[in-house]
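Visitor: Could you take me through one part of this model up close? I'd like to hear how a single helix packs against its neighbours.

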Amino acid sequence: MPIHALLEREKAQEGAVFSPEDLKAIIAAYELALTRLKVDDRKAPMATLVAKTVIEIAREGERDPRRLSERVVRLYGINPR
């Protein structure tokens, strides 16, 4: 799953940027966004793009999984409802 590898790489490069609670929210947002975007293959390029985008938005301060996933879904032009 790309999100775990990306979060581990970020932790190694920058130290503990996200708390354990933040990580749970980020992973939940990632899974929700993939479900809503109908991305089943977690190794697909789109899954990696979603993971990177979720992490980027979380770095801006958003921690709510639903809002995080909605922003990702909107970004890629899919109706979030």
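Guide: Let's look at the first helix and the partners it packs against, with a short stop at the last helix afterwards. Keep in mind that this is a predicted model.

Two packed helices are described by the angle between their axes and the distance between the axes, so that's a handy way in. Helix α1 covers residues 2-14, and it packs on helix α2, residues 20-36, at an angle of about 145 degrees with the axes 10 Å apart. The crossing of α1 past α2 is right-handed. On the α1 side you'll find P2, I3, H4 and L7, and they meet L23, I26, I27 and Y30 of α2. That contact comes out as 7 nonpolar residues, 1 polar and no charged.

Now turn to helix α3, residues 45-59: its axis comes within 9 Å of the α1 axis, and the two cross at roughly 45 degrees. That angle makes α1 oblique to α3. Here too the crossing is right-handed. From α1, the contact uses P2, I3, L6, L7 and E10; from α3, it takes in A47, T48, A51, K52, I55 and R59. Sorted by class, that gives 7 nonpolar, 1 polar and 3 charged residues.

And the last helix? Helix α4 spans residues 65-75, and its buried residues are L68, S69, E70, V72 and V73. Those buried residues pack against α2 and α3. At the N-terminal end of α4, D64 acts as a cap, with a side-chain oxygen 3.1 Å from the backbone nitrogen of R66.

Key. Residues numbered from 1 in each chain as written. Predicted model: local features only at pLDDT ≥ 70, side-chain atom pairs only at ≥ 80, totals over all residues. Heavy atoms only, no water. Axes fitted to C-alpha atoms, helices over the stretch in contact; angles between N-to-C directions. Helix = DSSP H or I, 4+ residues; strand = E, 2+ residues; numbered from the N terminus. Left-handed = near helix turned anticlockwise from the far one by under 90°. Contact = heavy atoms within 4.5 Å. Nonpolar A, V, L, I, M, F, W, Y, C, P; charged D, E, K, R; others polar. Parallel < 35°, antiparallel > 145°, perpendicular 65-115°, else oblique. Buried < 20%, exposed > 50% of the residue type's maximum accessible area, 1.4 Å probe, protein only. Polar contact = N/O pair within 3.5 Å; in protein donor to acceptor, adjacent residues only side chain to side chain.
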